[in-house]
Amino acid sequence: MLVTPHKPPLRFDPDEEEPEAGEDKINQEFIETFRGIQETVLKDSGHAERAVHAKAWGLFEGELTVFNDLLPDYAQGVFGAPGATHPVIMRLSSIPGDILDDEITVPHGMAIKVLDVEGERLPGSEGDATQDFVLVNGPAFNTPNAKMFLANLKMLAATTDKVEGLKKGASVVNRGLEALIEAFGGESRTLKSMGGAPMTNPLGDIFYSQTAFRYGDYVAKFSVAPVSANLVALAGKPEDVKGKPDGFRDIVIDEIARNGGEWNVRVQLRTDKDMPIEDPSKEWSQDDSPFLPVASIKVAPQTAYSEIHAKADDGLSFSIWHGIAAHQPLGSVNRCRKDNYKAAAEFRGRANGCPMHEPRAALNLA
């Protein structure tokens, strides 16, 4: 039986969202910055990529199963029907908006598209039947609000299309600085985002939504954690991808082809006003409210990436605003994602001659 947090969860209250001053202007600047990244990459490569999470290491399909024994507080939204199953599409990625050698280490991303989801839709996703989760391998966002997120994005945009050899050198230096900071009990999210992330196997990572979402009657953050023995064994495992431009992709392809994998979807309910909605840089206390499993995702052994996968990937977009009202994204960082993710996907579709579409059935890529 699922254990409960130490405190009862707080009920969802739409009045707790507090829009930033000038949020509309910030939103427009996001669209322009994303567009600048995409136009630079398109000019260089002749192919339009995502403005963030451009490089895929794997695209594979599986099945999500909601656990049968959820307590009522956790049986919400997509996870409200005990034993329900849904096809899923999973994508592992590198977070920058340009296609970099894997030797330039940055945070890892995971996107999940759950199919056959019923319920009142979020604005902009009417008529669809999917629920997307977009996750990163760290529990907290690197900025407290959309304004500072934009400033960071502009800094990263300025490095797009810079000499790759310089990026590799910077990555080595930043990894060393990050290791030194962590040796003294600290962490620099900025260094990690600029090539200072550890060179470890992405299949062993725990991924987090970082930002807050409505969870039916409540508010929550999401996490996806490996639970099959083959993936758990890869947690923190160093991987030498020096001189291997697609080293992480090769590692993912090999592991998923041999063993597949299993993950748990976990939920952290908001139980205290000290767990902010508008500031995702503040990690919610797991002592007061731990991440608890609500569903499993099982992926059978399959091919995780090929030319066929790359073509399918061109027609897919992942957005936290693809989903149902029961999982409405909350906070300024999430609000600013809505229009700019949509604009970036539309740009990619036009440039590549492959309009985005929300799948209604498994892709059958294996």
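Me: Helices are DSSP runs of H or I with at least four residues, numbered from the N terminus. With that in mind, how many residues apart are Lys 342 and Glu 346 in helix H8?

Reply: The model is a predicted one. Lys 342 and Glu 346 both belong to helix H8 (residues 332–352), and because they are 4 residues apart there, about one helical turn separates them. The two side chains form a salt bridge, in which the closest N and O atoms are 2.7 Å apart.

Me: Are Lys 342 and Glu 346 buried or exposed, or in between?

Reply: The class follows from relative accessible area: under 20% is buried, over 50% is exposed, and the range in between is partly exposed. Lys 342 has a value of 48%, so it is partly exposed. Glu 346, at 37%, therefore also counts as partly exposed.

Me: How many salt bridges does the structure hold?

Reply: A salt bridge requires a side-chain nitrogen of Lys or Arg within 4 Å of a carboxyl oxygen of Asp or Glu. By that criterion the structure holds 20 salt bridges. One of them joins Arg 270 to Glu 16, with the closest N and O atoms 3.1 Å apart. This pair links distant parts of the chain, 254 residues apart: Arg 270 sits in the loop between strand E8 (261–269) and strand E9 (292–299), whereas Glu 16 is in the segment before helix H1 (23–45). Both Arg 270 and Glu 16 are buried.

Me: Which residue forms a salt bridge with Arg 50, and why does the pair tie together parts that are apart in sequence?

Reply: The partner of Arg 50 is Asp 313, and their closest N and O atoms are 3.0 Å apart. Arg 50 is in the loop between H1 and strand E1 (55–66), while Asp 313 belongs to helix H7 (residues 307–314); the salt bridge therefore ties together parts that are 263 residues apart in sequence. Arg 50 and Asp 313 are both buried. Salt bridges may also join into a network, as they do for Glu 17, Glu 23, Glu 278 and Arg 335.

Me: Which residues of H7 are buried, and what covers them?

Reply: In H7, His 309, Ala 312, Asp 313 and Asp 314 are buried. Their cover includes E1, E2 and H8. At the start of H7, a side-chain oxygen of Ser 306 comes to within 3.2 Å of the backbone nitrogen of Ile 308.

Me: How should a strand be read, and how many residues of strand E3 are buried?

Reply: One may examine cover first and pairing second. Strand E3 (residues 108–114) is mostly covered, with 7 of its 7 residues buried. Both of its faces are covered: one side carries His 108, Met 110, Ile 112 and Val 114, the other Gly 109, Ala 111 and Lys 113, and all of these are buried. As for pairing, E3 runs antiparallel to strand E2 (residues 85–94) over 7 bridges, with His 108 in E3 as the bridge partner of Ser 94. E3 also pairs in the antiparallel sense with strand E4 (residues 131–136), over 6 bridges; there Val 136 in E4 is the bridge partner of Gly 109.

Me: Which residues have the most contacts inside the largest nonpolar core?

Reply: They are Phe 79, Ile 112 and Trp 263, in a core of 60 residues. E1 supplies the largest share of this core, namely 6 residues. A second, separate core has 14 residues, among them Phe 30, Ile 37, Leu 150 and Ala 344.

Me: What surrounds a single polar residue such as Ser 223?

Reply: Ser 223 is in strand E7 (residues 218–226). Its relative accessibility is 0%, so it counts as buried. A polar atom of the Ser 223 side chain lies 2.9 Å from the backbone oxygen of Phe 207. Leaving aside residues up to four places away in sequence, Ser 223 touches Ile 206, Phe 207, Tyr 208, Asn 264, Val 265, Arg 266 and Phe 291.

Me: Which totals describe the chain as a whole?

Reply: The chain contains 8 helices and 9 strands. Of its 366 residues, 57% are buried. Among contacts between residues at least 6 apart in sequence, 79% join residues at least 24 apart. The accessible surface is about 15400 Å², with 54% of that area belonging to carbon and sulfur atoms.

Terms used. Residues numbered from 1 in each chain as written. Predicted model: local features only at pLDDT ≥ 70, side-chain atom pairs only at ≥ 80, totals over all residues. Heavy atoms only, no water. Helix = DSSP H or I, 4+ residues; strand = E, 2+ residues; numbered from the N terminus. Buried < 20%, exposed > 50% of the residue type's maximum accessible area, 1.4 Å probe, protein only. Pairing = 2+ DSSP bridges. Core = buried A, V, L, I, M, F, W, Y, C linked by side-chain atoms within 4.5 Å. Polar contact = N/O pair within 3.5 Å; in protein donor to acceptor, adjacent residues only side chain to side chain. Contact = heavy atoms within 4.5 Å. Areas by Shrake-Rupley, 256 points an atom, 1.4 Å probe, with all protein chains shown as cover.
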